[in-house]
Amino acid sequence: MRLSIKTKQVAGVTAIVGLAVLVLSGWYLVSLAQVLFAESRVRADLIAKTAYQQAFNVLERLPPGADPNLALRNDPGLRSILESRVYAADLLYAAIVDPKGVIVMHNDVTLTNQSLEPAGDLAALLDTGSTLEQLRTIFTTGGRKLEVRHALRFGTEDLGSLRVGVSTLLLRGDFENRLTTPLLTTLAVLVGASLLAMLLAQIALRPIHVIRGGLARLGRGETDVNVDLPRDDDLDELGDSFKQVTARLAAGRTELAGQKATLESVVDQLEDAVALFAPDGTLLFANP
């Protein structure tokens with residue numbers, strides 16, 4: 001199927017706009033993923049650092065020979081800090097674990113003394129991971145668990161680490177919610193671009209319609225045809241050319257009419273009968 005010039009123009013403009021929107025959308029997706037991970041890291045860092053400061057204060061007041069893990073576990077201020085992770089929807093847990101990975105303190109008290117499953121390092125993903133890897137992490141089927149970790153040391157003693165878990169499944173929900181407005185905007189831009197392309201195509205093709213109408217009038221035998229083209233250097237030349245063709249056709253018809261009149265006059269003066277018939281026998285011309 002052959003496409004009209006108008007259809008090609010509309011398709012071309014829409015394709016260009018669509019390509020630009022596609023590039024910008026890719027940049028937006030990457031930027032949004034980075035922003036979401038960075039926001040989660042800031043929230044997790046805030047809890048971990050606050051908990052670390054409180055843990056350090058508890059350990060400073062610890063009597064000689066006392067169990068540091070027990071002191072940490074029984075501190076209400078530290079527990080309230082760990083439980084504050086509920087104010088961030090994407091944070092799964094906040095916990096203190098010993099060097100062997102056993103939970104010393106957790107926002108869920110039922111998990112105390114259990115092993116904390118290993119998780120990916122959110123800081124490493126942001127600092128060294130590629131943007132595509134970050135997007136894949138968000139859209140991993142079933143989600144993944146990442147952690148922000150801070151080592152817990154008191155003097156030369158390694159007491160384990162503070163860990164705050166981040167859910168990529170919850171991040172993906174936030175990611176998809178933030179995409180609603182950009183997707184609607186993209187759709188509106190594409191529709192607007194198509195409508196604008198149709199309007200521009202109509203304006204650009206108007207001279208062609210005008211010339212086509214003039215040719216149709218010439219075909220019907222009119223000789224005083226004049227086309228009204230927009231004022232433009234290229235179109236002015238085209239209009240002048242059309243006027244020249246019209247003038248030549250008018251002159252040719254005038255000359256032909258004169259030759260016909262001369263021929264009829266000569267034939268009328270002949271003494272012999274002269275008649276002109278059509279193929280179907282119809283009389284077209286005859287002298288007296």
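How many residues lie between β1 and β2 in the hairpin that they form, and which turn residue has a positive phi? In this predicted model, the hairpin has 5 residues between its two strands, and G101 in the turn is the one with a positive phi, at about 90 degrees. That hairpin is a handy way into the rest of the fold.

Stepping back for a moment, the protein comes to 7 helices and 7 strands. Read along the sequence, these follow the pattern α-α-α-β-β-β-α-α-β-β-α-α-β-β. Of the 288 residues, 30% count as buried. Among contacts with a separation of 6 or more, 61% are between residues 24 or more positions apart. The exposed surface comes to about 18,000 Å², and carbon and sulfur atoms supply 61% of that area.

Back to the strands. The hairpin belongs to an open sheet of 5 strands in the order β2-β1-β5-β4-β3, with mixed pairing. The edges are taken by β2 (103-106) and β3 (120-121); each has a single partner strand, so one side of each is left without a neighbour in the sheet. Strand β1 (residues 91-97) pairs with β2 in the antiparallel sense over 3 bridges. Two pairs of residues show how this works: V97 has I103 of β2 as its bridge partner, and A95 stands opposite H106, also in β2. On the β5 side, β1 is again antiparallel, this time joined by 6 bridges. Here V97 turns up once more, standing opposite S161 in β5. As for burial, 6 of the 7 residues of β1 are buried, so this strand is largely enclosed by the rest of the structure. Helix α3 (residues 76-83) lies across β1 and β2, and runs at about 70 degrees to β2.

The loops around the hairpin are another matter. P99 sits in the loop between β1 and β2. With a relative accessible area of 55%, P99 counts as exposed because the cut-off for that is over 50%. Even so, P99 has partners from elsewhere in the chain: leaving out residues up to four places away in sequence, it touches D158, L159 and G160. P99 and L159 are 60 residues apart in sequence, yet their C-alpha atoms are 6.3 Å apart in space. Further along, N113 is in the loop between β2 and β3. N113 is also exposed, at 53% relative accessible area, and has a positive phi of about 70 degrees although it is not a glycine.

What about the other end of β1? D90 is found in the loop between α3 and β1. At 6% relative accessibility, D90 counts as buried because it falls under the 20% cut-off. The side chain of D90 makes a polar contact of 2.9 Å with that of R43. Beyond residues up to four places away in sequence, D90 touches S40, R43, G165, V166, S167, L170 and L171. One of these, S167, is found in strand β5 (residues 157-167). S167 is buried too, at 8% relative accessibility. Apart from neighbours within four places in sequence, S167 is in contact with D90, L92 and R144. A polar atom of the S167 side chain also lies 3.2 Å from the backbone nitrogen of L170.

That leaves the nonpolar interior. In soluble globular proteins, nonpolar side chains tend to be buried together. The largest nonpolar core here has 36 residues, and F37, I96 and F175 touch the most other members. Helix α1 (residues 5-60) gives the most to this core, with 11 residues. Taking F175 as an example, and leaving aside neighbours within four places in sequence, its contacts are L29, L32, A33, L36, L135, I138 and F139. There is also a second, separate core of 6 residues, which includes A95, V97, I103 and A119. Two of the names in that list bring the account back to the hairpin, where V97 and I103 are bridge partners.

Notes:
Residues are numbered from 1 along each chain as its sequence is written. This is a predicted model: local features need pLDDT of at least 70, side-chain atom pairs count only at pLDDT 80 or more; totals for chains, interfaces and linings use all residues. Side-chain values use heavy atoms; hydrogens and water are left out. Helices (H or I, at least four residues) and strands (E, at least two) are DSSP runs, numbered from the N terminus. Buried means under 20% relative accessible area, exposed over 50%, partly exposed in between (1.4 Å probe, protein chains only). Contact means heavy atoms within 4.5 Å. Accessible areas come from the Shrake-Rupley method with a 1.4 Å probe; for residues, only the protein chains shown count as cover. A polar contact is a pair of N or O atoms within 3.5 Å; within protein, one must be able to donate a hydrogen and the other to accept it, and residues adjacent in sequence count only if both atoms are side-chain atoms. Two strands pair if DSSP finds at least two bridges between them. Axes are lines fitted to C-alpha atoms, for helices over the stretch in contact, and angles run from 0 to 180 degrees between N-to-C directions. A nonpolar core is a set of buried Ala, Val, Leu, Ile, Met, Phe, Trp, Tyr and Cys residues joined through side-chain atoms within 4.5 Å.
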